[in-house]
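Welcome! Below are a few short exercises, each with a worked solution to follow at your own pace. Have the structure open as you read.

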Amino acid sequence: MSIITGNTQKAEEFEKKGQEAWKALNAIFYNKLKKAWFDYNLRIKSHNTLFYPTVAMPLFTGCYTMLDYGKSAKVIDFMNKSNVFNYPSGIPASLKNTGQQWDLPNGWPPLQHIIIEGMRKSDNPEAQEMAFKLARKWILANYKIYNTTKKMWEKIDVTGTIPKPGAGGEYDVQDGFGWTNGVVLDLLATYYDRMTIGDIGQNVSHGPSVRPCRSKAYHIRYRPVPLILFCSIVFYFLKH
């Protein structure tokens with residue numbers, strides 16, 4: 001925003017703060033053994049290295065060197081070893097089935113979008129192709145559920161061979177639904193030239209193996225706000 005308004009001094013100030021937050025986030029949350037980002041337990045002074053979708057959050061916010069192909073590839077490798085790509089309808093919120101809504105078997109649209117966009121923007125062809133596969137899987141699952149229920153849902157069960165609305169937690173699953181619609185629309189806008197859906201029995205067809213990432217200008221426009229927002233949240237909870 002400061003760049004747009006011509007306030008170069010303020011822009012440089014925020015850029016410096018962003019770089020400081022970027023360095024701190026990597027120093028605290030990046031696990032060199034597992035090659036991904038994890039929550040840090042202050043009591044036992046170690047990372048919680050179980051899978052959660054947040055392992056890919058810094059790919060989305062740009063909290064790593066943009067040309068570091070290795071980091072994005074290793075995040076994918078960790079997720080692959082955790083078997084989270086094997087679920088039929090998307091990425092689960094965790095690998096624990098606790099009966100709570102932010103756990104297995106539920107997949108949440110914002111978390112799918114964060115993972116997909118993070119991989120798509122990574123400049124790593126392998127990550128970009130995985131982003132497309134996840135987008136295709138998510139859109140097809142929601143398409144099938146819509147054809148069955150005539151509704152979009154806040155979350156879905158990603159584990160079954162037949163997609164269905166999610167469940168669990170303190171209230172009944174909600175239909176509607178704003179972020180579900182938004183994620184599907186954005187993914188369709190991103191991959192419109194690689195996806196077609198016929199009737200409910202058909203898979204999604206796709207074109208070339210890799211969709212090139214959008215321009216560097218897209219990275220520059222997209223990165224600062226989520227980076228600062230995410231890091232601000234992180235440091236708020238660290239101080240309280």
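## Exercise 1: α4 and α5

In this predicted model, the axes of helix α4 (residues 109-120) and helix α5 (residues 125-149) come within 7 Å and cross at roughly 155°. Work out how the two helices run relative to each other, and what their contact is made of.

Step 1. Angles over 145 degrees count as roughly antiparallel, so α4 is roughly antiparallel to α5.

Step 2. For the handedness, α4 passes α5 in a left-handed crossing.

Step 3. Now find the residues: Pro109, Gln112, Ile115, Ile116, Met119 and Arg120 on the α4 side meet α5 residues including Ala127, Leu134 and Trp138.

Step 4. Sorted by class, this contact of α4 with α5 has 10 nonpolar, 2 polar and 1 charged residues.

## Exercise 2: α4 and α6

Do the same for α4 and helix α6 (residues 178-190), whose axes come within 9 Å and cross at roughly 25°.

Step 1. An angle under 35 degrees counts as roughly parallel, so α4 is roughly parallel to α6.

Step 2. The crossing of α4 past α6 is left-handed.

Step 3. Look for the contact: α4 contributes Pro109, Pro110, His113, Ile116, Glu117 and Arg120, while α6 brings Trp179, Thr180, Val183, Asp186, Leu187 and Thr190.

Step 4. By class, that gives 6 nonpolar, 3 polar and 3 charged residues.

## Exercise 3: a cavity

Describe the second largest cavity and its lining.

Step 1. Searching the whole structure for cavities of 30 Å³ or more turns up 2.

Step 2. The second largest has a volume of about 50 Å³.

Step 3. Its lining includes Trp37, Phe38, Asp39 and Tyr52, and by class has 5 nonpolar, 2 polar and 1 charged residues.

How values were computed. Residues numbered from 1 in each chain as written. Predicted model: local features only at pLDDT ≥ 70, side-chain atom pairs only at ≥ 80, totals over all residues. Heavy atoms only, no water. 1 Å grid on protein atoms, 1.4 Å probe; cavity = no way out; pocket = protein on both sides within 12 Å on 5 of 7 lines; lining within 4 Å. Points joined across faces, edges and corners; volume = space filled by probe spheres on them. Nonpolar A, V, L, I, M, F, W, Y, C, P; charged D, E, K, R; others polar. Axes fitted to C-alpha atoms, helices over the stretch in contact; angles between N-to-C directions. Helix = DSSP H or I, 4+ residues; strand = E, 2+ residues; numbered from the N terminus. Parallel < 35°, antiparallel > 145°, perpendicular 65-115°, else oblique. Left-handed = near helix turned anticlockwise from the far one by under 90°. Contact = heavy atoms within 4.5 Å.
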